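Hi,

Here is the structure I said I would pass on. Have a look at it first, and then read my notes below.

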Amino acid sequence: MDKHKDSPDGITRISVKGFKSLAREVSVTVAPLTILGGANSSGKSSILQPLLLLKQTLEANFDPGALLLSGPNVNFTSISQLLSRVGTERSDTLEVALSSGGNGIKSVFRRDPKGGLGVVSTQYEASGQKTVVVHPDMAAIDFNDLLSEGDKAAYEMLSGYLRDLWPGSIIEPVLSAERARCFLQPQLVLKRKQEDGGVEPSPAILPVSSNILTVDFVRLLKAIIHLPGLRGSPERTYPVTGVGSDFPGTFHAYTASVIALWQRTGDGQRLESVGKELESMGLSWHVRAQPVEDTQVEIKVSRLPHRSGSAEDDVSIADVGLGLSQVLPLIVALHVAAPGQLVYLEQPEIHLHPRAQSRFGKILVDAAKRGVRVVLETHSSLLLLAIQTAVAEKQIEPSDVCLHWFSRDADGITDVRSAALDENGAFGEWPEDFADTNLEAESRYLNAAEQIKPKVH
């Protein structure tokens, strides 16, 4: 089995507090294949939306402040729309925490009484090191807690150099918190103290090792591939986009250009894999990109769901069923993603026939086995059952799949129950309302049919 144990960890845990119905802290594990289940408005999307806020803030081509509320991934028009206001909970702060392997970062945002939302602290956890909390009121008392052993050695070396440069001078470390978009980073400035007690302009700034964690998590957040539930109607042509390892905004706009790149670079393996997966779902067996102008590209797909002896019968994706245009960006995203990269799929079952929903389960399993971290928000019991079957058939390890079931209490506050699969692909009692709803629907039908059955005398 392709386990990719040497692949990057990626994001392995998400914690959120104070966001919409997540009034109390909710923390979920991100497995290679993570399923978010629950009724409508139970809070499933609320666990990922704070990450999307961070992503669009980091990707903005200007400094939008601590958080960009209105962007391509998620859109709010006021701070009150995202802060918790459920039951008796009235939060003025939002906490977002991420883990990757043994490292973690958490930023706390607070509504400013004068308007806006600011980041008030960022916590850093590095494997094997002391937790560091960076805040605007940092002072010299935080000095020893802030620096790692490597930082202290670098500080001693640099301050010794400055004392040699200015004999008799007192070199004073000054701590400050510098905002880097949605995070506060520690900055250690070494200043030369004057005889009259004043301090000269900074002769040296010492990088602090915890800042490296900011860089790591910024990379992971910007690398998130997001496919929202509303993916738009199929178009005749799509704009040419740049294709790299990151995809700012939502992914569907990049689909045509990714396929075109695979064609130009001779990446037939991924093109063939996409075709085979579409064919397994009964949608198409061939897809290609055709440049129309320098700025436009058209997606062509086979009209027939399976290869035949006739010549290729390619048509515009706008001329086939809506299901194909909805699922193609998902499949392309799963193949373009690198090991460790998080792909967030909202409602992939939209416009798909039940057979196609079931077949899509194997596509998700195969992506997780390639090392992609797939987070799936779904209402499809068929999709869930296909993943359970893959576990039972030993196609994927039970530990590589995790279900988080979202529900709301009487006050409207979201509660999350998490479950791992056993070796038979069973979740135990989760998710009870999928099974109960199917059973109830079948029972009602059978009872109704029994009532109208002709009586035999």
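Strand E18 (residues 401-408) is largely enclosed by the rest of the structure, because 6 of its 8 residues are buried. Bear in mind that this is a predicted model, so everything here is computed from it.

E18 has a strand partner in E3 (residues 33-38), which runs parallel to E18 and is joined to it by 6 bridges. If you want a spot to click on, Gly38 has Phe406 of E18 as its bridge partner. Strand E19 (residues 414-420) also pairs with E18, this time antiparallel and over 7 bridges. There, Leu403 has Ala419 in E19 as its bridge partner. E18 and E19 make a hairpin with 5 residues between them, and Gly412 in the turn has a positive phi of about 90°.

There's another hairpin in E13 and E14, with 2 residues between the strands. E13 covers residues 287-293 and E14 covers 296-302, and the two pair antiparallel over 6 bridges. Val287 sits opposite Val301 in E14.

Both of those strands turn up again around helix H5 (residues 255-264), which is mostly covered, with 7 of its 10 residues buried. Which residues of H5 are the buried ones? They are Thr255, Ala256, Ser257, Val258, Ile259, Ala260 and Trp262. The cover over them includes E12, helix H6 (268-280), E13, E14 and H7. After H5 comes Gly266, with a positive phi near 70°.

One residue of E12 that I looked at is Tyr238, since that strand spans residues 238-239. With a relative accessible area of 14%, Tyr238 counts as buried, because the cut-off is under 20%. Leaving out residues up to four places away in sequence, Tyr238 touches Ala256, Thr295, Gln296, Val297, Ile299 and Ile317. A polar atom of the Tyr238 side chain also lies 3.0 Å from the backbone nitrogen of Glu235. From Tyr238 to Pro291, the C-alpha to C-alpha distance is 9.5 Å, with their positions 53 residues apart in sequence.

Now for the nonpolar cores. In soluble globular proteins, nonpolar side chains tend to be buried together. The largest core here has 60 residues, and the members that touch the most others are Phe251, Leu345, Phe360 and Leu364. Helix H7 (residues 322-336) gives the most to this core, with 9 residues. Beyond its neighbours within four places in sequence, Leu364 is in contact with Leu33, Leu334, Leu345, Val374, Leu376, Leu383 and Ile387. A second, separate core has 57 residues, including Val16, Leu82, Leu94 and Val132.

On to the aromatics: a search of the whole structure gives 4 aromatic pairs. Phe19 and Phe76 are an edge-to-face pair, because their planes are at 90°, with ring centres 5.9 Å apart. This pair links distant parts of the chain, 57 residues apart: Phe19 is in the loop between strand E1 (13-17) and strand E2 (26-29), while Phe76 is in the loop between helix H1 (49-59) and strand E4 (93-100). Phe19 is buried at 0% relative accessible area, and Phe76 counts as buried at 7% relative accessibility. Phe247 and Phe251 are also edge-to-face, 5.0 Å centre to centre with 75° between the planes. Both Phe247 and Phe251 are buried, and together with Tyr254 they form one aromatic cluster.

H1 also holds Thr57. Is Thr57 buried or exposed? Thr57 is buried, with a relative accessible area of 0%. Apart from neighbours within four places in sequence, Thr57 is in contact with Pro64, Gly65, Ala66, Leu67, Leu68, Arg181 and Cys182.

Finally, some totals for the protein chain. The secondary structure comes to 10 helices and 19 strands. Buried residues make up 49% of the 457 residues. Among contacts between residues at least 6 apart in sequence, 62% join residues at least 24 apart. The accessible surface is about 21800 Å², and 50% of it belongs to carbon and sulfur atoms.

Cheers

Technical notes
Residues numbered from 1 in each chain as written. Predicted model: local features only at pLDDT ≥ 70, side-chain atom pairs only at ≥ 80, totals over all residues. Heavy atoms only, no water. Pairing = 2+ DSSP bridges. Helix = DSSP H or I, 4+ residues; strand = E, 2+ residues; numbered from the N terminus. Phe/Tyr/Trp six-rings, centres within 6.5 Å; stacked < 30°, edge-to-face > 60°. Buried < 20%, exposed > 50% of the residue type's maximum accessible area, 1.4 Å probe, protein only. Contact = heavy atoms within 4.5 Å. Areas by Shrake-Rupley, 256 points an atom, 1.4 Å probe, with all protein chains shown as cover. Core = buried A, V, L, I, M, F, W, Y, C linked by side-chain atoms within 4.5 Å. Polar contact = N/O pair within 3.5 Å; in protein donor to acceptor, adjacent residues only side chain to side chain.
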